[in-house]
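The two exercises below concern a helix and a buried side chain; please work through each with the sequence and coordinates open before reading the solution.

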Amino acid sequence: MPGNYATERKGIAAVQAKLADLELIWRETSTGDFGIDGHIEFLDENSEPTGMMVGVQVKSGQSYFISETDYSVSYTANKKHQKYWEHYPVPVLLILHHPDRKETFWVDARQEFRTGKAPGNKIVIPKSNNFMAATVQDLFMNAGFTQAEYVRDISAVLECMLTRTTENAAFDISFFDLFCLGMTNICRSLYFGMDLALKIAENKLVSAKSEFGVGLGHSDHDFLESYIRFLVSQNLRRVVS
């Protein structure tokens with residue numbers, strides 16, 4: 001038991017050291033091993049916590065490298081962990097650490113299960129996924145990472161939502177329209193879809209008694225995509241499915 005504990009701690013220590021280099025916050029769990037060893041929190045440009053997090057499970061020891069090849073290392077999850085990771089509210093980074101060789105590889109286990117890339121619960125991690133070479137963007141890619149500036153002033157956020165529009169009379173909508181009219185479940189949930197955008201544009205044309213119908217182009221699709229990026233950058237959403 002003491003030897004196993006020391007091996008496990010070497011893996012955690014390696015992860016902590018890397019995260020310190022990236023200036024990220026590591027929050028280790030204290031409830032025992034049930035699929036999550038801790039969470040990594042993203043810091044903004046002012047080194048302040050943002051609430052954007054990913055979960056982490058570290059597996060340390062030579063036994064996890066028995067099935068490795070020259071190009072990959074595999075890990076087979078049990079049914080309990082597979083179900084837990086697949087339905088976890090944030091991405092789960094599975095990290096395998098070889099304490100003797102000091103090699104560390106990683107993959108987003110939740111993404112592997114959700115996209116069907118792990119048949120038989122076997123996750124194959126390419127050795128190109130070197131955790132020690134990972135960037136902040138790499139680790140938070142599936143958490144909705146965006147390089148857009150986080151605005152802390154609520155009035156400034158509202159002003160942005162009101163002024164960001166399509167500038168297309170045939171598809172006249174704003175971030176504010178999409179946000180307010182997308183609220184559901186007594187304003188506890190936020191819906192977004194092309195049907196919502198089209199309905200808003202149609203109603204505006206009807207109210208204006210326009211003789212023309214809805215029309216949108218490539219720039220309007222870019223506008224809708226930028227709305228999603230805005231929601232993510234301002235932490236106005238938690239889960240997008």
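**Exercise 1.** Determine which backbone atoms the side chain of Ser60 reaches, and at what distances.

*Solution.* Begin with the backbone nitrogen of Gly11, which the side chain of Ser60 reaches at 3.5 Å; the backbone oxygen of Thr7 is reached by that side chain at 2.7 Å. A polar contact is a pair of N or O atoms within 3.5 Å, where within protein one must be able to donate a hydrogen and the other to accept it, and residues adjacent in sequence count only if both atoms are side-chain atoms. Next, place Ser60 in strand β3 and note that Ser60 is buried, with a relative accessible area of 8% (buried means under 20%, exposed over 50%, with a 1.4 Å probe and protein chains only). The model is predicted, with local features needing pLDDT of at least 70 and side-chain atom pairs pLDDT 80 or more, while totals for chains, interfaces and linings use all residues. Residues are numbered from 1 along each chain as its sequence is written, and side-chain values use heavy atoms, without hydrogens and water.

**Exercise 2.** Establish which residues of helix α2 are buried, and how they are arranged about its axis.

*Solution.* In α2, which spans residues 79–86, the buried residues are His81, Gln82 and Trp85. Seen down the axis, the buried residues of α2 fall within an arc of 105 degrees (taken from the directions from the helix axis to the C-beta atoms), so they line one face of the helix. Lys79 and Lys83, by contrast, are exposed on the face turned away from the buried side of α2.

Note on methods. Helices (H or I, at least four residues) and strands (E, at least two) are DSSP runs, numbered from the N terminus.
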